[in-house]
Amino acid sequence: MTSEPRIVAENVSKWFGALVAVSDVSFDVGPGVTALLGPNGAGKSTMFRMLCGLARPSKGAVRVLGRDPRADASVARSIGLVPQQESVFEPLTAREFVTLSARLQGLDDPGAAAASALEKVHLDPSDTRRLPSYSKGMRQRVKVAQALVHDPSVLVLDEPLTGLDPRQRMDMVALFRRLGGEGRCVIVSSHVLDEVERLGSQVLVMSQGRLAAAGDFHELRALMDDRPMRIRVRTDRPRELAGALVEAGTAVGVRLDGDEVLELDTRDARALAHALAPVARERAARLYEVHPLDADLEGVFRYVVQR
Amino acid sequence: MSATEVVSARPSTLVSLVAFYKLLLRTQITIPRLLGIGGLGALAVLIGLFARFDENSAQAAADAVGGYGLGILVPFATLWLGTSAIGDLVEDKLLVYLSLKPVPRWQLPAAAVLATFTVVVPLTALPLTVAAIVAGAGDVAVAALLAASFAALAYSGLFVAAGIWFRRAVWWGLAFVLIWENVVAYSAHGAARFTVIGWASSLLGLAPDVDVQLEAGSAAAAFVVLPAIAIAGWLAATWRYRRADID
């Protein structure tokens, strides 16, 4: 993907008994922000655990900064991880938690480093409340602070925007972009397409344990937007409506299901949405229900994988 | 710092070991645990009070320490704390925060054994010592302190290892304490040699003029065997931790 890969996965597979979580995945990631996109259960977290040396690949190899993170503990000094799980050390304050991380990374002044990391994520280092009293969004930011505290050159962020409000998301995305802009390798997982769009241009798509696509986000987005979509419409005049929409060119395929249900295939869902109400009005058809089928992320990924 | 550089610095052994130790102490010391184990310790003192009225109060105190103290109080308290030391981190998926660090893997299990031992000794060995003193058996008190402390050390190693090896470690440990330590140990001549309670009882036998029902060997050997069991447990925990996938 880039001329200077920091993370390299070569034919990596991971299985747990009969369950294949990751299957023959290869990619490399360089400086900047790269998004790992995929629906829940796609194998993103398992992939991240292997990138950080927390899990051993069943097959294949992972290299971070040229080293095997599983075999070489010193690589951990250069990796910051925000894990997906929400649990935190209950007896600790945010400052204590981040200081612990700094201390275990061997920093000279763990307290000062912790304060600085907490300020980067807009949290008050002098807050004496324990972590369980924090909101989900605040805990998420504490997790980001503990990943940043030792100034790592590789940041692995597993769904780091979960639980944040829109303002916090914006700040966090800006922080990740800034860190990527400084030459760090920032790899961020998400199952939300729009979230990924704001993160950066490089994207890896995982689906059902496999790497479905890799490359520039905008190309992928165009591919996704161009895919045929199916819309389900319930109306009292399905035949008239179908004929008119095909005639107008907004529907490329039609299927009637009973007396009221119509399934329309379109390549431009937005145009169809705009055309539907006027056409229905013209034909005196009542619209009871309009429902996009296969519009979830899972469907999008299926389409990309099939291509 | 260059963004491509692998930084090889890591914390000194003492710094990371103390950090793990302090964290585990804080996660282990909870009010329900303190009340539960403290209550069992208070019961030991009460038994000591009853022993005072026995004709041979020293023997009664030794019986109480051997039966209740080494058979129930010490193993159950250590089981509760030891299995949770790392076991809770695994269950709560918190181990990830301690594992992705440039720190050798042996340190966390070592800290867990030390933290468990640190909490268990004041909650078990001290009440047993007080129980012997209350019974008027000062000589038994010293032996009780030694026996309970060394037993706590051995159990700490075993139960910390169990916490990382088994998902329902408390139940496995419970079966071990009830069946192996409290039935098998007494079942046949020589069986005590393969139990913690047998070797701990050997230390209790250091008290003069008391008969200890269960002795695995000499007190000198017990001073070696019980720490060796703790070390074996720590090595088993480290071995497992090194190979485990961390959630």
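**A sheet in chain A and two unusual backbone angles**

In this predicted model, strand β10 of chain A, which covers residues 229–235, is joined to β13(A) by 6 bridges, and the two strands run antiparallel. Within this pairing, A:R232 stands opposite A:H291, a residue of β13(A). Strands of a sheet pair through backbone hydrogen bonds, in either a parallel or an antiparallel manner.

The pair belongs to an open sheet of 4 strands in chain A, whose order is β11-β12-β10-β13 and whose pairing is antiparallel. At its edges are β11 (253–257) and β13 (287–293) of chain A, each of which pairs on one side only. From one strand to the next, the twist averages 20 degrees. Helix α9 of chain A, formed by residues 269–282, lies across β10, β12 (261–266) and β13 of that chain, and runs at about 15 degrees to β10(A).

Elsewhere, two residues deserve a look for their backbone angles. A:E159, found in the loop between β6 (154–158) and α5 (166–181) of chain A, has a positive phi of about 50 degrees although it is not a glycine. B:D209 is likewise a residue other than glycine with a positive phi, near 65 degrees, and is found in the loop between α8 (196–204) and α9 (219–243) of chain B.

Are these two loop residues buried or exposed? A:E159 counts as buried because 22 C-beta neighbours lie inside 10 Å, and the cut-off for a buried residue is 20 or more. B:D209, by contrast, counts as exposed because it has 11 such neighbours inside 10 Å, where the cut-off for an exposed residue is 12 or fewer.

Key: Residues numbered from 1 in each chain as written. Chains lettered and ligands numbered in written order. Predicted model: local features only at pLDDT ≥ 70, side-chain atom pairs only at ≥ 80, totals over all residues. Pairing = 2+ DSSP bridges. Axes fitted to C-alpha atoms, helices over the stretch in contact; angles between N-to-C directions. Contact = placed C-beta atoms within 7 Å.
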